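User: I have a model open and would like to understand the reasoning behind some of its labels. Could you walk me through them?
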Amino acid sequence: MRFCYRCGISEEEGGPLIDGLCQVCFRRENPILLLEPEKNTELCQNCGSYKKGGVWVDPQNYELPALIFEVAENTLIESLEECLVRVKDFEIVGWEDIEEREPPVGRALVAFRPVDWHVDYFPAIIIYEVRAKARIHELQVEPHDETRRVTVYVRQTVCPRCQRFLAGYYEAILQVRVEGREFTKEEREEITRLVQAKVDEIMKRDRMGFIQDTIEKEEGIDFYMGSTSSARKLAQAIRERFGGTISEAYELVGLDRQTSKEIYRTSVTIRLPKFRKGDVVGDKHGRVYVVERVDGKGLKLRNLEDWSEEHRDWRTVKRDGIDLVEHEERKALLMNLTPKEAQFMDMQTYETFEIERPKMELEEGRVYRLIRVRGRYYVGFMGVSE
Ligand SMILES: [Zn+2]
Ligand SMILES: [Zn+2]
């Protein structure tokens with residue numbers, strides 16, 4: 001007959017023995033929930049971020065007190081990860097469910113609930129009740145079932161990102177410019193909207209990707225960016241949508257006092273193409289087109305000879321010498337078609353005039369965009385240039 005070496009109970013009564021201990025003494029000698037009674041944690045008073053696994057992360061909740069509970073819970077779960085050393089892993093279950101559930105060997109079931117708190121001022125305090133059930137040995141008849149209380153203090157701080165942001169820090173400048181023409185108000189607004197949407201996306205992964213400042217200049221817009229990679233990603237996003245070319249320049253701004261390394265600031269410049277939707281362009285063969293779309297790949301053109309659609313990538317645009325052509329325009333109503341001629345009425349002057357009948361099918365009674373290049377009239381759609 002064997003006996004528990006701790007309390008002396010026989011194996012028959014208190015067994016089976018595990019490492020010489022009865023069931024009760026085995027559980028008492030090997031507690032699973034070694035939680036510290038008090039825990040301290042911080043959240044950024046500026047952006048609500050907090051440290052998770054040693055890195056600053058953005059919260060799921062921005063509203064107090066949900067944010068405070070999120071931060072405190074994260075600290076509680078992290079301390080569970082540290083303290084549940086006698087099991088391989090653990091599963092968090094609802095407070096109501098843990099009673100019913102039986103833990104398999106090596107896996108703890110943990111439930112917690114806040115039992116008392118104040119979250120109206122800092123430091124916020126939340127007291128949690130934590131219950132854990134586990135079997136850490138195959139011979140265990142009853143599982144461990146332990147309950148502890150933990151007080152989590154949540155304090156305010158300023159995260160490193162916000163410290164830099166508040167100090168006016170920036171790492172790169174994104175310069176948006178246009179190639180040889182005016183930068184329109186609509187384009188500026190469209191680009192600013194695109195940049196803001198993209199920054200929101202970038203900030204999910206790159207917390208330094210913030211816009212420190214936006215400066216409108218006559219020649220374009222300067223975005224002062226918290227990170228160079230963010231500036232590059234934005235330039236790419238703009239190019240994808242509007243086309244253009246990206247270049248980078250570096251400026252020596254000083255020496256790091258500690259490492260005496262040179263510190264450079266990057267300027268990422270995106271130059272938007274000269275062409276815009278609705279522009280009238282020509283190529284070196286004398287063909288005339290209306291630009292229907294401009295994007296990162298190239299141009300979609302409408303050939304004014306027969307209204308056929310043509311795509312040109314940027315290299316071909318260059319090779320074919322596509323450029324703006326001098327022209328005059330008038331809106332005109334198609335009055336009458338004869339086999340050889342088309343008769344139009346100018347919508348502003350009501351003057352009527354005839355041109356050689358073009359190849360395309362035209363509808364009498366419709367208004368067209370008449371484009372005169374080198375003395376010849378071309379018929380375009382309305383709408384493309386508006
Ligand atoms: Zn015992
Ligand atoms: Zn912050």
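**The zinc site and a buried alanine**

Analyst: Happy to! In this predicted model, the zinc ion (ligand 2) is coordinated by the SG atoms of Cys44, Cys47, Cys159 and Cys162, at 2.2 to 2.3 Å.

User: How do you know that these SG atoms count as donors of the zinc ion (ligand 2)?

Analyst: A donor is an N, O or S atom within 2.8 Å of the metal. The four SG atoms sit at 2.2 to 2.3 Å, so they qualify.

User: Why is the arrangement around the zinc ion (ligand 2) called tetrahedral?

Analyst: Four donors earn that name if all angles lie between 85 and 135 degrees. Here the angles are 104 to 113°, so the arrangement is tetrahedral. For reference, the ideal angle for four tetrahedral donors is 109.5 degrees.

User: What makes cysteine 47 and cysteine 162 a pair that ties together parts far along the sequence, 115 residues apart?

Analyst: Cysteine 47 is in the loop between strand E1 (38-44) and strand E2 (50-52), while cysteine 162 belongs to helix H4 (residues 160-166), so the two link parts 115 residues apart in sequence. Both cysteine 47 and cysteine 162 are buried. The donor spacing reads C-x2-C-x111-C-x2-C.

User: Why does alanine 235 count as buried?

Analyst: Buried means under 20% relative accessible area; alanine 235 has 0%, so it counts as buried. This residue lies in helix H6 (residues 228-242).

User: Which residues does alanine 235 touch, leaving out those up to four places away in sequence?

Analyst: Alanine 235 touches Leu174, Ile246, Val268 and Ile270.

Methods: Residues numbered from 1 in each chain as written. Chains lettered and ligands numbered in written order. Predicted model: local features only at pLDDT ≥ 70, side-chain atom pairs only at ≥ 80, totals over all residues. Heavy atoms only, no water. Donors = N, O, S within 2.8 Å, 3.2 Å for Na, K, Ca; no water. Tetrahedral: all angles 85-135°; square planar, octahedral: opposite > 155°, others 65-115°. Helix = DSSP H or I, 4+ residues; strand = E, 2+ residues; numbered from the N terminus. Buried < 20%, exposed > 50% of the residue type's maximum accessible area, 1.4 Å probe, protein only. Contact = heavy atoms within 4.5 Å.
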